[in-house]
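This report describes a structure with the help of values computed from its atoms and annotations taken from a record. The structure comes first.

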Amino acid sequence: MTTVDTSARVSSEAGAEGRSGAGDRAPRREWGVVNVFSHGFLLLWALLTTLPLLWVFLSSFKSDGEILSDPWGLPGALRFENWARAWTEARIGQYFLNSAVVVAGSLTLTMLFGATAAYVFARYEFRFRQVFYYLFVGGMMFPVFLALVPLFFVVRNAGLFNTWTGLILVYAAYSLPFTVFFMTAFFRTLPTSVAEAALIDGCGHFRLFFRVMLPMAKPGLVSVAIFNFLSQWNQFILPQVLMQGDESKWVLAQGLAALAVSQGYQGDFSGLFAGLTLGMLPVLGVYVLFQRQIQSGLTAGQLK
Amino acid sequence: MKHGKYPLIITFLVPPLLLYGIFVLSPYLQAFQISTTNWLGYSATADYVGLENFGNLLRDGALWNAVKNNLILLVLLPVLTIALGLFFSSMLNMGGRRGTAGVVGVRGSGAYKLVYFFPQVLSVVIIALLWKEVYHPNNGLLNATLRAVGLPAPTWLGDPRTAFWAVLAVMVWANVGFYVVLFGAAMQAIPKDIYEAVMLDGASRWTTLTKVTIPLLWDTVQVAWIYLAIAALDGFILIQQMTDGGPNHSSDVIGLRMYNTAFGSETKFGYASAIGVVMFFLTLSVAVLALRASRRDRIEYS
């Protein structure tokens, strides 16, 4: 998609350059006035977006006294001890690790199952194919709340309550509808000639998938993996229901919510700000590094 | 060619199907069944009560209050988010001043897009806690600013008159950036010669936006509408973390009602599932309505 639109832009710009005569002087002046406004509004929204984040970041270095007396002030010193306190005492470090373990497992499972199921739906004819496909994709329409109560008992009866295995399986299961939907559409866009040639050359169906089709589907896999990573990393409702007891196994979102509650009792404002900063920084850092891929990964899902 | 097709279909399809069937399909189906019982939590006894739960729902004032709030969100969240999203993305993608008839992006549009997208990658829990502190009546960023310029400083989340609107503002804040980028991508896909033709005809900027850009973006706007409508029927995490539905139920939503009914002090699983079924049909009908209402002929370029 991106390659197509850049080439279109280049050609139209080249065409426009030859044509910039006197005829468009009047409209240009009108648009110039609007330009000042547009920059003003754009800047205002940029401030609205960044200021709260920046404020939390700066507040994470303040002492509680500074936070209470002067919300707009700068921290008197870089108190990294706030971060250390949140990391160890509020166990943000451990929750971070827990989230990483759970998401590493669930993302692998989601991508494996999602890609294989989607490939079968996209490339093979078999009985009830449509039925199975719509069964999968229909899951996108259901509110997760409807499933919460029975899911709690399904997981508990399977002996997976308060376990990471349970969370991993459930995350993957709830990510499948979108993954299958997206990847089926993607596999359908790939040319069939390569697969046919490989089969004629005696390549087996399994080898064809892992050696030929999967590498060809890489752009789609990356997009949907980014999408799934963020939604699984930020998941909150499922762990809140399925990981209620054992504090040491909580994921990051639960840990932050608990930190906010205990902050309310103890008045440890700096600890809360430090915890929030620790929760925000890695995600924002990764986002800044891979901005293009992440933005197109997240928006591609809605444009399809 | 057909040789060996079925081993692959079975190995590739059965494990995902099992996982999905056990953890997604079966809970959804059970929920409909549980919603017709009077199941009170961890005991094994659950009697079939037919549609009694649904009858009780109709007389449940707290639930209707939550439904009312969700309906307000359903109208305002898509309207505000899409309006702001279209506004900013048209500024970003067509606000440039140079020769090409105003179809270039403004200077620094890359930086704006980078920043606008920030809330999208943060977890909703972090957004909720962050804004709870921003709204803090004494040491929050917002009231510090208001006091600095000599304006009154309300208690925001602590006041039944403002709590709901304060949360709505956060929902809009968290969503606008995503739709700026989404609409921006769709705008980039519109062929530039259309704009050149429009400019030659002397159309104003406003006419270009309303008569050319938005109609050409209609497919994307429709998708945005559905996603935002579904988001508006949820809102659970923000509300639970910021206000817990309060003060005085002023910011309650259906999801929170359901959650507290099932996992709060009383575990009324039957009744909670009935609320879940209501949410299901609300979501479904909103999606169908949005698809119907916004149906137009699909435009394809070239």
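The text below treats one chain as a whole, then the contact between two chains, the annotated spans and one helix.

**Chain B overall**

The model is a predicted one. Chain B contains 14 helices and zero strands. Its C-alpha atoms occupy a box of roughly 80 × 75 × 30 Å along the principal axes. The radius of gyration of chain B is 24 Å, whereas a compact globule of 302 residues would have one near 19 Å. In chain B, 47% of the 302 residues count as buried. Among contacts in chain B with a separation of 6 or more, 69% join residues 24 or more positions apart.

**Contact between the chains**

Chain A brings 86 residues to the contact and chain B brings 91 residues. On the side of chain A that touches chain B, helix H2 (residues 25-59) of chain A gives the most, with 19 residues. By class, that side of chain A is made up of 62 nonpolar, 18 polar and six charged residues.

**Annotated spans of chain A**

In an unreviewed entry, UniProt lists residues 96-290 of chain A as "domain: ABC transmembrane type-1". The UniProt annotation "transmembrane region", also from an unreviewed entry, covers several spans of chain A, including residues 33-58, 95-121 and 167-187. The table gives the computed geometry for the domain and for two of the transmembrane spans.

| Span | Distance between end C-alpha atoms | Helix | Strand |
|---|---|---|---|
| Residues 96-290 of chain A | 21 Å | 81% | 0% |
| Residues 95-121 of chain A | 37 Å | 100% | 0% |
| Residues 167-187 of chain A | 29 Å | 100% | 0% |

**Helix H10 of chain A**

Helix H10 of chain A has 12 residues (residues 205-216). At 1.5 Å a residue, these 12 residues should span 16 Å, and the end C-alpha atoms of H10(A) are 15 Å apart, which agrees.

Within H10(A), the residues A:His205, A:Leu208 and A:Phe209 are buried. These residues lie on the same side of H10(A) because they cover an arc of only 95 degrees around the axis. The exposed residues A:Arg207, A:Phe210, A:Arg211 and A:Pro215 are on the other side of H10(A).

Which helices do the buried residues of H10(A) pack against? In chain A they pack against helix H5 (92-123) and helix H9 (192-200), and in chain B against helix H1 (5-34).

Methods
Residues are numbered from 1 along each chain as its sequence is written. Chains are lettered from A and ligands numbered from 1 in the order in which they are written. This is a predicted model: local features need pLDDT of at least 70, side-chain atom pairs count only at pLDDT 80 or more; totals for chains, interfaces and linings use all residues. Helices (H or I, at least four residues) and strands (E, at least two) are DSSP runs, numbered from the N terminus. The radius of gyration is taken over C-alpha atoms; the globule rule is 2.2 Å times the number of residues to the power 0.38. A residue is buried if 20 or more other C-beta atoms lie within 10 Å of its own, exposed if 12 or fewer, and partly exposed in between; C-beta atoms are placed from the backbone. Two residues are in contact if their C-beta atoms, placed from the backbone, lie within 7 Å. Ala, Val, Leu, Ile, Met, Phe, Trp, Tyr, Cys and Pro count as nonpolar, Asp, Glu, Lys and Arg as charged, and the others, Gly among them, as polar. UniProt positions are given in the numbering used here, feature names are shortened, and annotations may be inferred rather than shown by experiment. The expected span of a helix is 1.5 Å times one less than its number of residues. The arc is that of the directions from the helix axis to the C-beta atoms.
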